[in-house]
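Hi,

Here is the structure I promised to pass on. Have a look at it, and then read on for what turned up.

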Amino acid sequence: MTKSAVPGMIDILKADLPTLFAEDISYDIYSEDILFRDPVNKFKGKFNYRIIFWTLRFHGQLFFTEIAFDLHDVSQTDENTILANWTVQGVLRVPWKARIFFNGYSTYKLNDEGLIYEHIDTWDREPGEILKQFFMRGVY
């Protein structure tokens with residue numbers, strides 16, 4: 001991986017992530033066999049990776065009146081790792097206007113070609129705790 005590949009990749013992530021609920025991301029920075037894992041999903045392959053982002057956009061528009069991916073920081077933590085810190089927040093499309101809110105971070109690992117081959121998301125709370133927010137009246 002060349003050092004010049006990482007700043008460009010960070011710029012792409014900074015551009016893509018804040019709008020991921022509204023528009024598709026750039027897939028050129030990911031390897032064909034990318035591994036994705038979060039607290040509820042695990043899969044491999046760029047096709048499946050594309051599907052998870054399509055699903056996020058679809059469900060975001062279907063279930064939320066407002067949904068945002070607030071990107072706080074994207075930085076290179078070592079030669080082969082990029083870390084993105086973020087918050088997801090939104091208002092569910094239900095009469096009681098339940099709010100969803102959780103923080104997390106994405107760890108991206110780079111291969112020798114400078115492509116992301118692993119994307120691991122970590123959340124600040126368990127999926128069940130996030131799901132409980134769906135039934136609360138307009139509070140985080």
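To start somewhere concrete: which residue in S6 does Phe 36 stand opposite? The residue facing Phe 36 is His 119.

Before the rest, some housekeeping. This is a predicted model, so to speak of local features a pLDDT of at least 70 is needed, and side-chain atom pairs count only at pLDDT 80 or more, while totals for chains, interfaces and linings use all residues. Residues are numbered from 1 along each chain as its sequence is written, and side-chain values use heavy atoms, with hydrogens and water left out.

**Strands**

Helices (H or I, at least four residues) and strands (E, at least two) are DSSP runs, numbered from the N terminus. Two strands count as paired if DSSP finds at least two bridges between them.

The Phe 36 pair belongs to S1 and S6, which run parallel and are joined by four bridges. S1 also pairs with strand S2 (residues 42–44), this time in the antiparallel sense and over three bridges. Those two make a hairpin with four residues between them, and Arg 37 has Lys 42 in S2 as its bridge partner.

Further along, S4 and S5 run antiparallel, with 11 bridges joining them. One pair to look for is Val 88 with Phe 102 in S5. S5 then pairs with strand S6 (residues 116–123), again antiparallel, over seven bridges. There you can find Gly 104 opposite Trp 123.

**Two turns with a positive phi**

Most residues other than glycine have a negative phi. Lys 97 goes the other way: its phi is positive, about 50°, although it is not a glycine. You'll find Lys 97 in the loop between strand S4 (81–92) and strand S5 (99–110), a hairpin with six residues between the strands. Lys 97 is also exposed (over 50% relative accessible area), at 55%. The hairpin of S5 and S6 has five residues between its strands, and Gly 114 in that turn has a positive phi of about 80°.

**Salt bridges**

A salt bridge here is a side-chain nitrogen of Lys or Arg within 4 Å of a carboxyl oxygen of Asp or Glu. By this rule the count comes to three.

- Arg 57 meets Asp 24 at 3.1 Å, N to O. The two are 33 residues apart and link distant parts of the chain, with Arg 57 in helix H2 and Asp 24 in the loop between helix H1 (5–16) and strand S1 (30–37). Arg 57 counts as buried (under 20% relative accessible area, with a 1.4 Å probe and protein chains only), at 13%. Asp 24 is partly exposed (in between buried and exposed), at 38%.
- Lys 46 pairs with Glu 32, and their closest N and O atoms are 3.5 Å apart. Lys 46 sits in helix H2 and Glu 32 in strand S1, so this pair ties together parts that are 14 residues apart in sequence. Lys 46 is buried at 13% relative accessibility, whereas Glu 32 is exposed at 60%.
- Arg 125 and Asp 124 meet at 3.0 Å, N to O. Arg 125 is buried, with a relative accessible area of 18%, and Asp 124 is partly exposed at 41%.

**On the surface**

Patches are made of residues with over 30% relative accessible area and no salt bridge; like charges are joined within 9 Å, and nonpolar side chains (Val, Leu, Ile, Met, Phe, Trp, Tyr) within 5 Å. Accessible areas come from the Shrake-Rupley method with a 1.4 Å probe, and for residues only the protein chains shown count as cover.

Which residues form the nonpolar patch? They are Trp 54, Phe 58, Leu 62 and Phe 63, with about 420 Å² of accessible area together. Phe 63 lies in helix H2 (residues 46–63) and is partly exposed, at 43%.

There is a negative patch too, made of Asp 78, Glu 79, Asp 112 and Glu 113. For that label, Asp and Glu count as negative and Lys and Arg as positive, while His and the chain ends are not counted. A charge is placed at NZ of Lys, CZ of Arg, CG of Asp or CD of Glu. Asp 78 belongs to strand S3 (residues 64–78) and is partly exposed, at 40%.

Last one: Phe 135, in the segment after helix H3 (127–132), is exposed at 63%. Phe 135 and Ile 100 are 35 residues apart in sequence and 9.8 Å apart in space, C-alpha to C-alpha.

Cheers
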